[in-house]
Amino acid sequence: MRVIEGADAGAEFPLDPNAPSRILIGTSPACTIRLTDPTVSRRHAALEPVGQRYRLTDLGSTNGTFIDGVSVIEALLRGGEVIRFGSTAVRAEAEAAGLGEESAPLPSAMRFGRVLGASVAMRRLYPLCERVAKSPVPVIIEGETGTGKEVLAESLHEVSGRKGPFVVFDCTAVSPNLMEATLFGHEKGAFTGAVGSHTGLFEEADGGTLLIDEIGDLDFPLQAKLLRVIDRSELRRVGGRRSIHVDVRVLAATRRDLDKAVAAGRFRDDLFHRLAVARVELPPLRERHGDVPLLARSFAKEMAGSIDMLTPEVLARFAEYSWPGNVRELRNAVARILALGDTADQPRWPARAAGPTTAGGIDDWLDAIMSTNPAFPIARRKVLDEFERRYVERILAAHDGNVSHAARASGLALRYFRLVKARQQQK
């Protein structure tokens with residue numbers, strides 16, 4: 001990609017057809033193609049290898065993405081196009097785009113540590129994970145809920161060879177007023193109820209790795225203190241007067257777009273810069289073509305269940321489903337099959353994502369509602385009730401029954417989500 005107009009004119013960005021994740025374009029330090037043009041969004045667009053070409057996707061940028069003067073949301077590059085991001089124009093050189101060239105062979109490995117996957121999307125990640133694991137720098141692990149961010153973080157720790165423990169701090173599981181004491185510890189009498197001194201998670205992880213899960217939910221005032229600890233490798237307990245040195249590697253995981261959080265003032269830019277030294281983006285399960293049967297069989301073995309229960313029909317239906325809850329939802333589905341057998345098919349069996357409907361599918365329950373020729377308001381109410389029941393059931397299963405997490409993922413206020421859940425339980 002050659003910049004032909006704008007603040008970065010003359011800059012060239014060679015592209016790797018075996019890039020481990022999307023190639024981000026924008027002004028953020030997380031971007032591989034980093035531009036300085038202020039009219040370019042932090043994460044403006046992304047490139048993704050597709051065979052010997054690249055798919056260009058606009059990421060909801062402020063000023064849009066244009067190819068040869070046409071506004072696009074997604075396009076497949078042939079080579080030679082002029083692409084405009086804000087006031088910057090970039091030419092997609094055919095040679096740089098890899099057109100007509102053979103890509104280097106992908107690794108044959110099917111796993112990295114505890115992370116399993118033989119799809120192209122996963123095998124692209126493994127070389128990056130190997131390099132990142134051996135480095136002491138902070139890492140941001142991005143991905144949708146349920147993609148396995150914590151499993152990858154633990155694998156990075158194990159491969160790193162660090163002798164200390166692997167410790168997890170979940171920002172969504174601790175109230176804001178307890179976050180500082182949980183991370184950094186506290187001295188006796190530091191606050192009401194502090195009847196003794198307490199070591200924090202940083203001290204517990206000394207010599208090892210600390211994963212800060214869902215760091216996008218970290219209390220804003222605490223972000224400056226976290227930055228100080230990462231920079232200086234020392235902390236001070238709440239109510240303490242002395243500094244304590246710690247040797248901790250920090251990994252951060254998030255389902256959120258931290259660039260948007262920075263732009264909105266919810267996340268500190270300097271902390272983001274410090275954490276984004278390395279970045280790994282885990283693909284959703286729907287983009288890991290061929291991995292569903294592999295993962296399903298692996299989960300069945302872990303649970304000491306019979307793989308024979310994962311019949312060809314079961315695996316075929318699994319392969320057709322979109323898995324909005326990703327690997328976590330698949331694991332739960334396998335557990336239900338092993339525990340309940342055929343009875344798991346209704347009503348908890350994942351519906352097909354597309355294609356013709358079959359017995360027990362959408363057509364069946366719609367026909368059942370319509371068969372009594374109800375008035376329109378009654379029919380609409382029954383359809384909505386059935387949708388709510390299935391939706392609540394599915395989203396709760398994807399979040400292991402955690403109502404707070406399910407409400408957050410659904411985009412509903414916790415109070416309203418509980419009302420919907422209670423209404424469905426009463427029916």
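**Chatting through a predicted model**

Q: How many helices and strands are in the chain?
A: There are 15 helices and 19 strands in this predicted chain, taken as DSSP runs numbered from the N terminus (helices are H or I with at least four residues, strands are E with at least two).

Q: Anything I should know about the numbers?
A: Residues are numbered from 1 along each chain as its sequence is written, and side-chain values use heavy atoms, leaving out hydrogens and water. As a predicted model, it needs pLDDT of at least 70 for local features and 80 or more for side-chain atom pairs, while totals for chains, interfaces and linings use all residues.

Q: OK, what share of the chain is buried?
A: Of the 427 residues, 45% are buried, meaning under 20% relative accessible area with a 1.4 Å probe, protein chains only (exposed is over 50%, partly exposed in between).

Q: And leucine 384, where is that one?
A: Leucine 384 sits in helix H13, residues 376-398. Its relative accessibility is 35%, so leucine 384 counts as partly exposed.

Q: Switching to sheets: what's the strand order in the open five-stranded one?
A: The order is E14-E15-E18-E13-E19, with parallel pairing; strands pair if DSSP finds at least two bridges between them.

Q: Which strands stand at the edges?
A: Strand E14 (166-170) and strand E19 (278-281). Each has a single partner strand, so one side of each lacks a neighbour in the sheet.

Q: How many bridges join E14 to E15?
A: Five bridges link E14 with the parallel strand E15, residues 209-213. Phenylalanine 166 is opposite threonine 209 in E15.
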